[in-house]
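Open the model in your viewer and keep the sequence panel visible. The tour begins at a single residue, moves out to the sheet around that residue, and ends with the whole chain.

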Amino acid sequence: MLWRLDNHFQGSEAYPMSVHELRRRSGDTSEKITINLGVVDLGQIDLLVQEGFYSNRTDLIRTAIRNQLATHAEVVKETVTRKAFVLGLEHYSRGDLETRQAAGEMLQIQVLGMASIADDVTPELALATIESVVVLGALHASAAVKAALADRIH
């Protein structure tokens, strides 16, 4: 069974914006995940939907996930700060990487949320400028760039 769960990092109390400013990006920033539920759990979800507590199954699951994230918000905040993660959405354009290359700098991508590398970034440019990639969430990049960086993605 597939569930579409929207990521809501920006603006919530659980994820304050003070860690890093988010770069806004157009387009869909949600990811689909697959979960396995027992038939009894699924039946209970359907009952709560039928009784009007939630508009649909996804609404209940999103709410449950957000409640768990809120419960652990302080741990997430401390870890994001300690590990110097960018929180939310981070986009790396060809220009960004070319500027780093000209400066002789290597990039260590550490994102909790979504990191995207522009489609016009070549595998060669990515290799020349990206030292490591740690993304807790989703990494969007061309198949060629992902393949080139495979040994640097952790």
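Select Ser116 first. In this predicted model, Ser116 has a relative accessible area of 3%, and because the cut-off for buried is under 20%, Ser116 counts as buried. Now colour by secondary structure: Ser116 belongs to strand β4, which covers residues 107–117.

Keep Ser116 selected and add His91. Which parts of Ser116 and His91 are joined by the polar contact? The side chains are, at a distance of 2.6 Å. Next add Ser142, which lies 26 residues from Ser116 along the chain. A distance monitor between the two C-alpha atoms should read 9.3 Å.

**The sheet**

Widen the selection to strands β3, β4 and β5. These 3 strands make an open sheet, ordered β3-β4-β5, with parallel pairing. Which strands stand at the edges? They are β3 (86–92) and β5 (130–140); each has a single partner strand, so one side of each has no neighbour in the sheet. Looking across the sheet, expect an average twist of 40° from one strand to the next. As background, strands of a sheet pair through backbone hydrogen bonds, in either a parallel or an antiparallel arrangement.

Hide β3 for a moment and look at the pair that remains. Strands β4 and β5 run parallel and are joined by 10 bridges. To pick out one position along this pair, select Gln110, then Val134 in β5, which stands opposite Gln110.

Bring β3 back and select helix α4, residues 94–103. Helix α4 packs on the sheet and touches β3, β4 and β5. The direction of α4 makes an angle of about 85° with that of β3.

**The whole chain**

Select everything. The protein has 6 helices and 5 strands. Stepping from the N terminus, the elements come in the order β-β-α-α-α-β-α-β-α-β-α.

Switch to a surface display. About 9,400 Å² of the protein is exposed, and carbon and sulfur atoms supply 52% of that area. Colouring by relative accessible area will pick out the buried residues, which make up 32% of the 154 residues.

For a last view, draw a contact map. Among contacts with a separation of 6 or more, 65% are between residues 24 or more positions apart.

Note on methods
Residues are numbered from 1 along each chain as its sequence is written. This is a predicted model: local features need pLDDT of at least 70, side-chain atom pairs count only at pLDDT 80 or more; totals for chains, interfaces and linings use all residues. Side-chain values use heavy atoms; hydrogens and water are left out. Helices (H or I, at least four residues) and strands (E, at least two) are DSSP runs, numbered from the N terminus. Buried means under 20% relative accessible area, exposed over 50%, partly exposed in between (1.4 Å probe, protein chains only). A polar contact is a pair of N or O atoms within 3.5 Å; within protein, one must be able to donate a hydrogen and the other to accept it, and residues adjacent in sequence count only if both atoms are side-chain atoms. Two strands pair if DSSP finds at least two bridges between them. Axes are lines fitted to C-alpha atoms, for helices over the stretch in contact, and angles run from 0 to 180 degrees between N-to-C directions. Contact means heavy atoms within 4.5 Å. Accessible areas come from the Shrake-Rupley method with a 1.4 Å probe; for residues, only the protein chains shown count as cover.
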